[in-house]
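Please open the model in a viewer and keep the sequence panel beside it. The tour below proceeds by selection, and each stop states what is to be found there.

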Amino acid sequence: MECESSRLPRAARAWLSRRVEPTRFVTDASLGFIARRLRFLGYDVASHPGARLEELFEVAARDGRVVLTLSGRHPRKWANAAAIQLPRGDAAAAVRRIVEGHAPAGAPFSRCPHCNVALRPRTAFEAVGEVPARVARSGGPLTSCPGCGRWYWLGSHVARIAEWLGAATGKPVALPQARPDGNAPA
Ligand SMILES: [Zn+2]
């Protein structure tokens, strides 16, 4: 069966594939806040907290990632590794810069902001004892991180972050929806 995209002209297909190819990043602790904000938006941002700049470039070259850094230095040895120098002291401008030029790896609120692992959708039944009872009963989407074990749900904290991200990027951020088969209360 012919798929939809194969009927598009070659140039349109090239444009489409370029647009949807997610960019994966690597950074250190100096951009921890921005890394977490980008993960909330669905970006894959690996963190190496104590790494020297050279080590970040080494990871970027090895894993096909782009270095996010406050530094303007680009070691000659890693000339082929891509890097983006972000503005110091303006997190909103930094996040906007990434969003305008790069596609995320997934939907907003689909990655753990702390460890960059893709979150698992969970049911209200699985959440008993893990989240406040009113949250489990609410029928909203529930996820947990296979890396650190944290649970996530829609609350005022998420609403505040979504608002910050919307203001920073100039686009409203879609909140996750409950799965039709999943998190509704029994
Ligand atoms: Zn985690």
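**Parallel strand pairs**

Select T69 and then Q85, which lies in β4 and is the bridge partner of T69. This model is a predicted one. The bridge belongs to the pairing of β3 with strand β4 (residues 83–85), which runs in the parallel sense over three bridges. Next, add strand β1 (residues 24–27) to the selection: with strand β3 (residues 66–69) it also pairs in the parallel sense, here over two bridges. To locate this pairing, display V26, whose bridge partner in β3 is V67.

**The whole chain**

Now colour the full protein by secondary structure. Seven helices and seven strands should appear, and along the sequence they follow the pattern α-β-α-β-α-β-β-α-β-α-α-β-β-α. Of the 186 residues in the protein, 26% are buried. Among contacts between residues at least 6 apart in sequence, 53% join residues at least 24 apart.

**Helix α4 and its two faces**

Which residues of α4 are buried? Select A94, V95 and I98 to see them. These three cover an arc of only 95° around the axis, and therefore lie on the same side of α4. An α-helix has 3.6 residues a turn, so residues three or four places apart point the same way. The cover over the buried residues of α4 includes α2 (32–40) and α7. Then rotate the view to the face of α4 turned away from its buried side, where the exposed residues A93, E100 and G101 are carried.

**Where α4 meets α7**

Keep helix α4 (residues 91–101) on display and add helix α7 (residues 156–169); their axes come within 8 Å and cross at roughly 70°. Angles of 65 to 115 degrees count as roughly perpendicular, and α4 and α7 are therefore roughly perpendicular to each other. For the contact itself, select A92, V95, R96 and V99 on the α4 side, and A167, A168 and T169 on the α7 side. By class, the contact of α4 with α7 comprises five nonpolar residues, one polar and one charged.

**Two residues in the loop after α4**

Move on to the loop between α4 and β5 (120–122), and select F109 there. The phi angle of F109 is near 60°, a positive value in a residue other than glycine. Is F109 buried or exposed? F109 is buried, as 24 other C-beta atoms lie within 10 Å. Next select N116, which is also in the loop between α4 and β5. Its phi is near 70°, again a positive value in a residue other than glycine. N116 counts as buried, with 22 C-beta neighbours inside 10 Å.

**The antiparallel sheet**

Finally, select β5, β6 and β7. They form an open sheet of three strands in the order β5-β6-β7, with antiparallel pairing. Which strands stand at the edges? β5 and β7 (151–153) do, each with a single partner strand, so one side of each is left without a neighbour in the sheet. On average, and with direction ignored, neighbouring strands of this sheet are turned by 35° against each other. To close, zoom in on β5 and strand β6 (residues 142–144), which pair in the antiparallel sense over three bridges. Display R120 together with S144, its bridge partner in β6.

Conventions
Residues numbered from 1 in each chain as written. Predicted model: local features only at pLDDT ≥ 70, side-chain atom pairs only at ≥ 80, totals over all residues. Axes fitted to C-alpha atoms, helices over the stretch in contact; angles between N-to-C directions. Helix = DSSP H or I, 4+ residues; strand = E, 2+ residues; numbered from the N terminus. Parallel < 35°, antiparallel > 145°, perpendicular 65-115°, else oblique. Contact = placed C-beta atoms within 7 Å. Nonpolar A, V, L, I, M, F, W, Y, C, P; charged D, E, K, R; others polar. Buried ≥ 20, exposed ≤ 12 C-beta atoms within 10 Å, placed from the backbone. Pairing = 2+ DSSP bridges. Arc of directions from axis to C-beta.
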